[in-house]
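Here is a quick walk through one protein model, from a single glycine out to the pocket, the surface and the charged pairs. Have the structure open as you read.

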Amino acid sequence: MVDTRTFLGSLELSNPVIPASGTFGFGLEMAEIYDLDILGSISIKGTTSEPRFGNPTPRIAECCGGLINSVGLQNPGIDAVISEELPALSKVFHKKVIANISGFSVDEYAHCCSLVDSVDQVGIIEVNVSCPNVHNGGMAFGTDPEAAAAVTRAVKAVTTKPVYIKLSPNVTDIVSIAKACEEAGADGLTLINTMLGMRIDIRRRRPVIANRMGGFSGRAIFPVALRMVYQVSHACSIPVIGCGGVASAADVIEMMMAGASAVQVGAENLRNPFACKEIVEALPVEMEKLGIESLRDIIGIVG
């Protein structure tokens, strides 16, 4: 009997499969088609201080091996998430969740994280630093080590739960940013967020996405995500959650061999709503095929 358990710090997961934020909503719709308790955890939809309608449409563009999205962090706001969405989710998912928090200023990050820190069902706070810093010309927090560290310190100062910083791949040196977050007190890291992409409608001669560019995700980015997980996990001593193009049980194992302690499944959920369920069910079979008795034995095994 293989052992699919893994740990994110002191938080034990029955398996490493976690739907990524923004691809699973708040889980309620998915609970209608399968038992969510088979999942390791759920990273809920990115949440900001105030409700957001999101970006203008069209927001989605298909492309080879993935898709581009520019949804714009549409969400009901932190108060509604705490009072409505999380209580509803607790009725269909009986494990700790990962609360994904976004913000456009250091104060907004700290405010939202301090509020969600008091929610018992939240096991980890995942801070998305890919948002534009409105006080610094719109540059994303996650593209600058000092800015990422500033967010990390501010959030750690007002929380008691583990804080994981979700890193952007749209940088020259992701290791320097990861180490800055670790030194600022991060308990873990999630990587990668979406890459930056674009499609053009050649008949109408204009961008497909109303915002011109958006986040590129899907199977095509897996090798980039794997490389960055490998680099960061070997440079830092805190746990890493691998994300980016994961679509199969074999991908989960590959991510963990690169150094991930758990793995998030993103765009594949949009292509196939049963993706996480199928990966969880296939994982023990894949482990037996490869002679892996425990997933914890393979984390970072590739030197």
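## A glycine in a loop

Let's start with Gly259, which sits in the loop that runs between α6 (249–258) and β15 (262–265). Keep in mind that this is a predicted model. Is Gly259 buried or exposed? With a relative accessible area of 9%, Gly259 is buried, because the cut-off for that label is under 20%.

Gly259 also pairs up in space with another glycine: its C-alpha atom is 9.3 Å from that of Gly303, although the two are 44 residues apart along the chain.

## The largest pocket

Next, the largest pocket, which has a volume of about 1300 Å³. It is lined by 48 residues, and those closest to its centre are Asn69, Leu73, Asn193, Thr194 and Gly215. Four elements turn up with two or more lining residues: the strands β5 (66–69), β10 (195–198) and β13 (213–217), plus the helix α7 (267–271). Which element gives the most to the lining? That would be β13, with four residues.

As for chemistry, the lining of this pocket splits into 26 polar, 18 nonpolar and four charged residues.

## A nonpolar patch on the surface

If you look at the surface, you'll find a nonpolar patch of about 540 Å². Its members are Leu196, Met198, Ile200, Ile202 and Met213. One of them, Ile200, belongs to strand β11 (residues 200–201).

## Salt bridges

How many salt bridges are there? The count comes to ten. Take Asp187 and Lys156, whose closest N and O atoms are 2.8 Å apart. Asp187 lies in the loop between α4 (174–183) and β9 (188–191), while Lys156 is in helix α3 (residues 145–156), so this salt bridge ties together parts that are 31 residues apart in sequence. Both ends are partly exposed, Asp187 at 28% relative accessibility and Lys156 at 27%.

Arg204 and Asp201 make another salt bridge, with 2.9 Å between the closest N and O atoms. Here Arg204 is exposed, with a relative accessible area of 53%, whereas Asp201 is buried at 19%. Elsewhere, salt bridges with shared partners link Asp3, Arg5, Glu12 and Arg296 into one network. Within that group, Arg5 and Glu12 form a salt bridge, their closest N and O atoms being 3.6 Å apart. Arg5 is partly exposed at 33% relative accessibility, and Glu12 is partly exposed too, at 42%.

Note on methods
Residues numbered from 1 in each chain as written. Predicted model: local features only at pLDDT ≥ 70, side-chain atom pairs only at ≥ 80, totals over all residues. Heavy atoms only, no water. 1 Å grid on protein atoms, 1.4 Å probe; cavity = no way out; pocket = protein on both sides within 12 Å on 5 of 7 lines; lining within 4 Å. Points joined across faces, edges and corners; volume = space filled by probe spheres on them. Nonpolar A, V, L, I, M, F, W, Y, C, P; charged D, E, K, R; others polar. Patch = residues over 30% accessible without salt bridge, like charges linked within 9 Å, V, L, I, M, F, W, Y side chains within 5 Å. Areas by Shrake-Rupley, 256 points an atom, 1.4 Å probe, with all protein chains shown as cover. Salt bridge = Lys/Arg side-chain N within 4 Å of Asp/Glu carboxyl O. Buried < 20%, exposed > 50% of the residue type's maximum accessible area, 1.4 Å probe, protein only.
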